[in-house]
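Here's a quick briefing to read with the model open in your viewer. Take a look at the fold before going through the notes.

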Amino acid sequence: MANNLLKGKRGIIFGALDENSIAWKTALKVKEEGGSFTLTNAPIAMRLGKINELAKACDSEVIPADATSEEDLKNLFSKSIDVLGGKMDFVLHSIGMSPNIRKGKEYGDMNYEWYQKTLDISALSFHKVMQTAEKLDGMNEWGSIIALSYIAAQRSYPDYTDMAQAKAMLESIARSYGARYAKLKKVRVNTISQSPTRTTAGAGISGFDVFYDYAQMMSPLGNATAEDCANYITIMFSDFTRMVTMQNLMHDGGFSSTGITQDLIERLTK
Ligand SMILES: NC(=O)c1ccc[n+]([C@@H]2O[C@H](COP(=O)([O-])OP(=O)(O)OC[C@H]3O[C@@H](n4cnc5c(N)ncnc54)[C@H](O)[C@@H]3O)[C@@H](O)[C@H]2O)c1
């Protein structure tokens, strides 16, 4: 049921590749709650993905941008302001990619050029998005900016390799830019640390099914789905969370506070 939580608000949603993407579900939810937005993704992803389908459903314009390119980001913010008729109230950074993971590289055999690409795409791009927004004065007061993280920023996961450092950096950028943007413009900046979710990026991690099942057993509420995440992001874009900033918000069914669960004990003693 829609409550018009985002009525009159404008924004940019990065990272909707297909209907499984967290950004895809978020776009539908934000639209349902009355928000208007532009959609963006890397030019290559546009050719492979189905973003135009989503744009049609959301009555949105698609503006391609490689999130590592300052020029593309500048164009994205300027065009979004034109198309939507004003500055942004919300931005979702839902971007992650590691060439090392894609190519199946182990942590002791990293390609450092690719490592830097991982950091550039999955973390530094978040800084670039905010610096671009600041320089163009593209955010309204009390705006909300969210990026998506994973608990591998705090704990080791063998197959998450260089993405663990990217997520740690992403969360750190949220704190540093959050402090700055609060003072400048009362804009809040947070990361949401999401449960393992079956998407293109998620399923690209080897052993994904095992840690999905493990997290399911270790989360008293079970894994949070992409739809659950979209709901949480929507609340974070709304005026009900105006004083939340510089946080890494755990959205994981209780996983991060759990030692062991009865489910796991039963499985291991079977
Ligand atoms: N799926 C999970 O298990 C999980 C768990 C926690 C956090 N996350 C995070 O959620 C976010 C969204 O991922 P998802 O699971 O919806 O998968 P997804 O594959 O649907 O989305 C990742 C997006 O990043 C985009 N992208 C890659 N390189 C880009 C670039 N240079 N410029 C712009 N966009 C680029 C891709 O095109 C894609 O749309 C990512 O930050 C991911 O790390 C995912």
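What follows goes from the sheet to its helices and then to a few single residues.

This is a predicted model, so read everything below in that light. Its sheet is open and has six strands, ordered S2-S1-S3-S4-S5-S6, with parallel pairing. S2 (36-40) and S6 sit at the edges with a single partner strand each, so one side of each has no neighbour in the sheet. On average, neighbouring strands of this sheet are turned by 20° against each other, ignoring direction.

**Strand S5 and its partners**

- Strand S5 covers residues 188-194, and seven of the seven are buried, so the strand is largely enclosed by the rest of the structure.
- Both faces of S5 are covered: one side has Arg188, Asn190, Ile192 and Gln194, the other has Val189, Thr191 and Ser193, and all are buried.
- S4 (residues 139-149) pairs with S5 in the parallel sense, over six bridges.
- Two places to find that pairing in the viewer: serine 144 has arginine 188 of S5 as its bridge partner, and serine 149 stands opposite serine 193 in S5.
- S5 also pairs with strand S6 (residues 248-251), again in the parallel sense, this time over four bridges.
- On that S6 side, threonine 191 has asparagine 248 as its bridge partner.
- How do S4 and S5 connect with helix H7 (residues 161-185), and what is the handedness of the unit? S4, H7 and S5 make up a β-α-β unit, and it's right-handed.

**Helices on the sheet**

- H1 packs on the sheet and touches S1, S2, S3 (88-93), S4 and S5.
- The direction of H1 makes about 160° with that of S1.
- Helix H10 (residues 226-237) lies across S3, S4, S5 and S6, and runs at about 165° to S5.
- Which residues of H1 are buried? They are Ile22, Ala23, Trp24, Thr26, Ala27, Lys29 and Val30.
- Just after H1 comes glycine 34, with a positive phi of about 95°.

**H1 against H3**

- Two packed helices are described by the angle between their axes and the distance between the axes.
- For helix H1 (residues 22-32) and helix H3 (residues 51-58), the angle is about 10° and the axes are 10 Å apart.
- That makes H1 roughly parallel to H3, because angles under 35 degrees count as roughly parallel.
- H1 brings Trp24, Ala27, Leu28 and Lys31 to the contact, while H3 brings Ile51, Glu53, Leu54 and Cys58.
- Sorted by class, the contact of H1 with H3 has six nonpolar residues, two charged ones and no polar ones.

**Lysine 9**

- Lysine 9 sits in the segment before strand S1 (10-14).
- Is lysine 9 buried or exposed? Its relative accessible area is 13%, so lysine 9 is buried, because buried means under 20%.
- Setting aside neighbours within four places in sequence, lysine 9 is in contact with Gly35, Ser36, Asp89, Phe90, Phe237, Ser238 and Asp239.
- Lysine 9 and serine 78 are 69 residues apart along the chain, and their C-alpha atoms are separated by 17 Å.

**Tyrosine 150**

- Tyrosine 150 is in the loop between S4 and H7.
- Tyrosine 150 counts as buried, at 8% relative accessibility.
- Beyond its neighbours within four places in sequence, tyrosine 150 is in contact with Tyr157, Tyr160, Lys167, Glu171, Ser193, Gln194, Ser195, Pro196 and Phe211.
- Between the C-alpha atoms of tyrosine 150 and isoleucine 265 there are 25 Å, with the two residues 115 apart along the chain.

**Positive phi away from glycine**

- Most residues other than glycine have a negative phi, so the next two may be worth a look.
- Threonine 161 isn't a glycine, yet its phi is positive at about 30°.
- Threonine 161 has its place in helix H7 and counts as buried, with 7% relative accessibility.
- Lysine 186 also has a positive phi, near 60°, and is a residue other than glycine.
- Lysine 186 is in the loop between H7 and S5, and at 41% relative accessibility it counts as partly exposed.

Definitions and conventions:
Residues numbered from 1 in each chain as written. Predicted model: local features only at pLDDT ≥ 70, side-chain atom pairs only at ≥ 80, totals over all residues. Heavy atoms only, no water. Axes fitted to C-alpha atoms, helices over the stretch in contact; angles between N-to-C directions. Parallel < 35°, antiparallel > 145°, perpendicular 65-115°, else oblique. Contact = heavy atoms within 4.5 Å. Nonpolar A, V, L, I, M, F, W, Y, C, P; charged D, E, K, R; others polar. Buried < 20%, exposed > 50% of the residue type's maximum accessible area, 1.4 Å probe, protein only. Pairing = 2+ DSSP bridges. Right-handed = clockwise from strand over helix to strand, strands pointing away.
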